[in-house]
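Trainee: Could we go through this model together, one question at a time?
Mentor: Gladly! Have a look at it, and then ask away.

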Amino acid sequence: MVELQNVTKKYDNGTVALRNVSLKIEKGEFVFIVGPSGAGKSTLLKLITREEICNSGRVEVNGYNLSRLKRRQIPRFRRSLGMVFQDFRLIPNMNVYDNVAFALRVTNVADRDIRKRVPYILGLVGLASKAKAMPEQLSGGEQQRVALARSLVNNPPLLIADEPTGNIDPQLSLEIVQLLMEINRCGTTVLMVTHEHDLVSRFDKRVITIDHGTVSNDGEYTGGYDESILVGGGFNENE
Amino acid sequence: MKTSSFKYLFKEGMKSIWKNRVMSFASIGVLVACMLLIGIAILFTMNINSIVGYVEEQNEVVLILEDVDDSRISEIETTLNNMDNVFDVRFISKEEGLIDQSEWMGGDEELLEWLEEDNPLPDTFRLRVRDLSLLEATQNQLAALEGVEQVQAPQDVAQAVTGIKSVVYVGGIVIVGVLFVVSLLIIANTIKITVFNRRKEINIMKFVGATDGFIRMPFLIEGIMIGLISSLLSFGLLWALYSLLANKIMESTDSWISAIAPNILSFGDVWASILVIFLIIGVGIGTLGSMVFVRKHLKV
């Protein structure tokens, strides 16, 4: 599903963000990616979503070799990904329904299908009654669920969540992660980047720890990693 | 692209015009101003051409013939009528010439009788030249005809007319060209601001897998619509302004103005070409501006 082989990413300013990273995520897995600020988590995600290209090594996602992907093939590739962000990225002047329908419209789905699919997905994330609400009228947790609905509406095989609980109350965070687990149980591979130690420890899932641009730990949550990983205490790590 | 997508994108483009209405209004305003100036330049050129054309048609070339027989005269007449740049060919025999001459001199019967006995005037052809810029070539052609003794042509008028025409023509093209570029920059600026205002939305579109074409389409529609609205508005304004001005000229009692007044074009004569030119310029600028500059600013 996602495979990195000896990947190195160096930015133009000389910073080496990732050094010889190799990892493999199989179909149907749920993986947490943790690590301190500046460790290279964001770069890792950018490589997986083809926002950036690695300098050496190989990145393959959903069967696409991203180093060889042509510009005009990027849209098709992105449609095979669902993405959720810390800051939700909803369009402020569109209501909940349109925000979700938007993801279908850009992929040329017929109106008839949009009218069927959007209410279904909104029901799945528990927001069927808020279809007409504007994003600003919703709580952070609800906004994130709208974003989640938007990322799922295309039925992507891989869902990438970049600190999805970063701006949400702890109880609501748990709900979001449970929702992601539910989605994972239905067969979608989920990749979640997070700072939240507590959250990771509650679930018995694979945890990949990134530190100083390398994978420092990959396996079950051990609870024993350095406190320095939690620098930032669950807040923004937007480089 | 499916029709439903196109409908959606069309709506998005229209919404964007309204959402950015201050900017849209500003660009429509400046575009209308530019197109009005373009229109004025075009109408000015057309009217100068019409007036100059009138002057041009008043030219008269006189062919003085040698003493040739009637069959040669009719041969020459056929040749003249077949020449492209020549029209209104009239044959004036030496007798007719004499009558003309004496009338011009005050109709002195005695002199006429005296001259009739030994008419010193030659047979002549009088004709007019369509395009004065080709006068010299035509004149040479005429002089080369057998039986033609001399060709008298208004060379100085021809030079003046040709000069005015080329100045007006080049000036018109320069003005229209400059205004076209200005208009293009205005549209580019509008698009740039719209792209900036919508960068968040565009970013999200890219994440959910929108193709470049899909992202650009609303901007294209916005550009075309602004161009279209501007064309129609400037057409209406130009119509009103021109009719007002033309009426003033027609009503004028000034002698030199009333001399050229019949050659002032009425808007009814030119509306179709003006409308077509405006639509091409407006929609062309809108399309070109949004295609080029969305690509530049969007980096999709």
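Trainee: Let's begin with A:Asn62: is it buried, partly exposed or exposed?
Mentor: Keep in mind that this is a predicted model. A:Asn62 has 17 C-beta neighbours inside 10 Å. A residue is buried at 20 or more and exposed at 12 or fewer, so with 17 neighbours A:Asn62 counts as partly exposed.

Trainee: Where is A:Asn62 placed, and what is its phi near?
Mentor: A:Asn62 sits in the loop between strand S4 (56-61) and strand S5 (64-65) of chain A. Its phi is positive, in a residue other than glycine, and the value is near 50°.

Trainee: And A:Arg89: is it buried, partly exposed or exposed?
Mentor: You will find A:Arg89 in the loop between S6 and helix H3 (96-105) of chain A. A:Arg89 is not a glycine, yet has a positive phi of about 55°. Within 10 Å there are 19 other C-beta atoms, and buried would need 20 or more, so A:Arg89 is partly exposed.

Trainee: Now the sheet in chain A: which strands are at its edges?
Mentor: This is an open sheet of 6 strands with mixed pairing, in the order S6-S7-S8-S3-S9-S10 (chain A). An edge strand here pairs on one side only. That gives strand S6 (81-85) and strand S10 (214-220) of chain A.

Trainee: Which residue of S9(A) is the bridge partner of A:Val34?
Mentor: Strand S3 (residues 30-34) and strand S9 (residues 206-211) of chain A run parallel and are joined by 4 bridges. In S9(A), the partner of A:Val34 is A:Thr209.

Trainee: Over in chain B, why is H2(B) called oblique to H9(B), or what angle lies behind it?
Mentor: In general, two packed helices are described by the angle between their axes and the distance between the axes. Helix H2 (residues 21-57) and helix H9 (residues 212-251) of chain B have axes 8 Å apart and pack at about 45°. Because that angle is neither under 35 degrees nor in the range 65 to 115, H2(B) is oblique to H9(B), at an angle of about 45°.

Trainee: What is the handedness of that crossing, left-handed or right-handed?
Mentor: The residues in the contact of H2(B) with H9(B) are 12 nonpolar, 6 polar and no charged. As for how H2(B) passes H9(B), the crossing is right-handed.

Trainee: Which helix gives the most to the side of chain B that touches chain A?
Mentor: Here 14 residues of chain B are in contact with 15 residues of chain A. Helix H1 (3-19) and helix H8 (199-207) of chain B each supply at least two residues of that side. The one giving the most, with 4 residues, is H8(B).

Conventions
Residues numbered from 1 in each chain as written. Chains lettered and ligands numbered in written order. Predicted model: local features only at pLDDT ≥ 70, side-chain atom pairs only at ≥ 80, totals over all residues. Axes fitted to C-alpha atoms, helices over the stretch in contact; angles between N-to-C directions. Parallel < 35°, antiparallel > 145°, perpendicular 65-115°, else oblique. Left-handed = near helix turned anticlockwise from the far one by under 90°. Nonpolar A, V, L, I, M, F, W, Y, C, P; charged D, E, K, R; others polar. Contact = placed C-beta atoms within 7 Å. Pairing = 2+ DSSP bridges.
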